[in-house]
Amino acid sequence: MKGSYLNTHMGNISIDKEVIAKYAGIVAMECFGIVGMGITVKDVVKLLKRDNVTKGIRVTVNNNKLTLDFHVIVSYGVSILAVSNNLIDNVKYKVEEFTGMEIEKINIFVEGVRVID
């Protein structure tokens, strides 16, 4: 299954995983302390800005419940725990409102730290 399906009294709704990932990425980039989304390619971390936010996110749908994996780059000098908690709270609330689906788990992988100019 490429996305998720919701059955309503009016009909069926299909949401592609890419749509969920893009929305979650935009929400994540709004969080304080998140500099960008990162992916590791042969041990090299690439910093991805707003135009590629889906590259650092993996969406898994199981029994109409979402699991989101975030690969993020955080700002130097901030508390990783505080940034992670803020990210989890914001993404959980906004993505559940956007999709109407429950988020089962959010995993955060800090791929790097960057000094902000």
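**Close-up views of a predicted model**

**Figure 1. Strand β6, helix α2 and strand β7 form a right-handed β-α-β unit.** The view is taken from a predicted model. Strand β6 covers residues 65–75 and helix α2 covers residues 80–99, while strand β7 is made of residues 102–114. The two strands of the unit, β6 and β7, run parallel and are joined by 11 bridges. One residue of β6 can serve as a guide to this pairing: L66 has I103 of β7 as its bridge partner. A second guide is the pair D69 and I106, whose C-alpha atoms are separated by 5.9 Å although the two residues stand 37 residues apart along the chain.

**Figure 2. The protein chain as a whole contains 2 helices and 7 strands.** This view gives the setting for the other close-ups. Read from the N terminus, the order of elements is β-β-α-β-β-β-β-α-β. The protein chain has 117 residues, of which 38% count as buried.

**Figure 3. Y23 and F98 form a stacked aromatic pair.** A search of the whole structure finds 1 aromatic pair. This pair consists of Y23 and F98, with 4.0 Å from centre to centre and 10° between the planes. The arrangement counts as stacked because planes under 30 degrees apart fall in that class. Y23 belongs to helix α1 (residues 17–29) and F98 to helix α2, so the pair ties together parts that lie 75 residues apart in sequence. Y23 is partly exposed, at 27% relative accessibility. F98 is likewise described as partly exposed, with a relative accessible area of 43%.

**Figure 4. A salt bridge joins K94 and E30.** The structure has 3 salt bridges by the rule applied here. In the one shown in this view, the closest N and O atoms of K94 and E30 are 3.5 Å apart. The pair links distant parts of the chain: K94 is in helix α2, whereas E30 is in the loop between α1 and β3 (34–41), 64 residues away. K94 counts as partly exposed, at 31% relative accessibility.

**Figure 5. R58 and D69 meet through their side chains in a salt bridge.** The N to O distance in this pair is 3.4 Å. R58 lies in strand β5 (residues 57–62) and D69 in strand β6, so the salt bridge ties together parts 11 residues apart in sequence. Is each partner buried or exposed? R58 counts as exposed, at 52% relative accessibility. D69, with a relative accessible area of 10%, is buried, because the buried class takes in residues under 20%.

**Figure 6. Within helix α2, E96 forms a salt bridge with K92.** The closest N and O atoms of the pair are 2.8 Å apart. E96 and K92 are 4 residues apart, about one turn of the helix. E96 is partly exposed, with a relative accessible area of 24%. K92 also counts as partly exposed, at 32% relative accessibility.

**Figure 7. The loop between β5 and β6 contains N63 and N64.** Where does phi take a positive value in a residue other than glycine? N63 has a phi near 55°, and N64 has a phi near 60°. As to accessibility, N63 is exposed, with a relative accessible area of 69%. N64 counts as partly exposed, at 32% relative accessibility.

**Figure 8. Y76, V113 and V115 make a nonpolar surface patch.** The patch has an area of about 350 Å². Y76 is found in the loop between β6 and α2. Y76 is exposed, with a relative accessible area of 61%; the exposed class applies because this value is over 50%. V113 falls within the residue range 102–114 of strand β7.

Technical notes. Residues numbered from 1 in each chain as written. Predicted model: local features only at pLDDT ≥ 70, side-chain atom pairs only at ≥ 80, totals over all residues. Heavy atoms only, no water. Patch = residues over 30% accessible without salt bridge, like charges linked within 9 Å, V, L, I, M, F, W, Y side chains within 5 Å. Areas by Shrake-Rupley, 256 points an atom, 1.4 Å probe, with all protein chains shown as cover. Salt bridge = Lys/Arg side-chain N within 4 Å of Asp/Glu carboxyl O. Buried < 20%, exposed > 50% of the residue type's maximum accessible area, 1.4 Å probe, protein only. Phe/Tyr/Trp six-rings, centres within 6.5 Å; stacked < 30°, edge-to-face > 60°. Pairing = 2+ DSSP bridges. Right-handed = clockwise from strand over helix to strand, strands pointing away.
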